[in-house]
Amino acid sequence: MIVRIMGEGQVRLDDSHLTELNKLDDELLAEMENGDGPGFRRTLQALLTKVRDLGDPLPDDALEPSDLILPSPDATLEDVRDMLSDDGLIPG
């Protein structure tokens, strides 16, 4: 799966990591629903760090279609709320 972090580029991520990432996504969704700004910021950073750590960066000139688009590290709670589906940022 190809994951884009807005403002950073793309990584190739094995589907086997989705369960682990979905746990962070669920936390992020709960923090957004509760208006927990500090928790939201902490969990967003943890999610993006995990994607970077588990994924293999694609070259900057690669133009692969993204299967998943994640917000930039400096995204606000409102920015991320606009990106969410019922499943959160990560489907499943």
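In which sense do S1 and S2 pair, and over how many bridges? They pair in the antiparallel sense, over four bridges. This is a predicted model. Its four strands form an open sheet with mixed pairing, in the order S3-S2-S1-S4. Its largest nonpolar core has 21 residues. Its largest pocket holds about 200 Å³ of space.

**Sheet**

- Strand S3 (56–57) and S4 are the edge strands, and each of them pairs on one side only.
- S1 and S2 make a hairpin, with three residues between the two strands.
- Gly 7 sits in the turn of that hairpin and has a positive phi of about 85 degrees.
- Across the S1 and S2 pairing, Ile 2 stands opposite Arg 12 in S2.
- S2 also pairs with S3 in the antiparallel sense, here over two bridges.
- Val 11 faces S3, where Pro 57 stands opposite.
- S1 and S4 run parallel and are joined by three bridges.
- Val 3 has Leu 68 as its bridge partner in S4.

**Nonpolar core**

- Leu 47, Leu 70 and Ile 90 touch the most other members of the largest nonpolar core.
- S1, helix H1 (18–33), helix H2 (37–54), strand S4 (68–70) and helix H3 (77–83) each give two or more residues to this core.
- In soluble globular proteins, nonpolar side chains tend to be buried together.
- Beyond its neighbours within four places in sequence, Leu 70 is in contact with Val 3, Arg 4, Ile 5 and Met 6.
- The contacts of Leu 70 also include Leu 47, Leu 48 and Val 51.
- Met 83, Leu 89 and Ile 90 are in contact with Leu 70 as well.

**Ile 5**

- Ile 5 lies in strand S1.
- Is Ile 5 buried or exposed? Ile 5 counts as buried because its relative accessible area is 3%, and the cut-off for buried is under 20%.
- Leaving aside neighbours within four places in sequence, Ile 5 is in contact with Leu 48, Val 51, Arg 52, Leu 70, Pro 71 and Pro 73.
- Ser 72 is 67 residues from Ile 5 in sequence, yet the two are 5.8 Å apart in space, C-alpha to C-alpha.

**Ala 75**

- Ala 75 is in the loop between S4 and H3.
- Ala 75 is buried, as its relative accessible area of 5% shows.
- Its contacts, neighbours within four places in sequence aside, are Phe 40, Arg 41, Leu 44 and Val 80.
- From Ala 75 to Met 6 the C-alpha separation is 9.2 Å, across 69 residues of sequence.

**Thr 19**

- Thr 19 is part of helix H1.
- Which class does Thr 19 fall in, buried or exposed? Thr 19 is exposed because its relative accessible area is 56%, and exposed means over 50%.
- Thr 19 and Ile 90 lie 71 residues apart along the chain, and their C-alpha atoms are separated by 9.7 Å.

**Largest pocket**

- The largest pocket has about 200 Å³ of space, and 13 residues line it.
- Which lining residues are the closest to the centre of the largest pocket? They are Glu 8, Gly 9, Gln 10, Val 11 and Leu 58.
- Strand S1 (2–5) and strand S2 (9–12) each supply at least two residues of the lining.
- By class, the lining has seven nonpolar residues, two polar ones and four charged ones.
- Val 11 thus has two entries here: it is among the lining residues closest to the pocket centre, and it stands opposite Pro 57 in S3.

Conventions: Residues are numbered from 1 along each chain as its sequence is written. This is a predicted model: local features need pLDDT of at least 70, side-chain atom pairs count only at pLDDT 80 or more; totals for chains, interfaces and linings use all residues. Side-chain values use heavy atoms; hydrogens and water are left out. On a 1 Å grid over the protein atoms alone, a cavity is a set of points where a 1.4 Å probe fits but cannot get out, and a pocket is an open set with protein on both sides within 12 Å along at least five of seven lines; lining residues have an atom within 4 Å of a point. Grid points are joined across faces, edges and corners, and a volume is the space filled by probe spheres set on the points. Ala, Val, Leu, Ile, Met, Phe, Trp, Tyr, Cys and Pro count as nonpolar, Asp, Glu, Lys and Arg as charged, and the others, Gly among them, as polar. A nonpolar core is a set of buried Ala, Val, Leu, Ile, Met, Phe, Trp, Tyr and Cys residues joined through side-chain atoms within 4.5 Å. Buried means under 20% relative accessible area, exposed over 50%, partly exposed in between (1.4 Å probe, protein chains only). Contact means heavy atoms within 4.5 Å. Two strands pair if DSSP finds at least two bridges between them.
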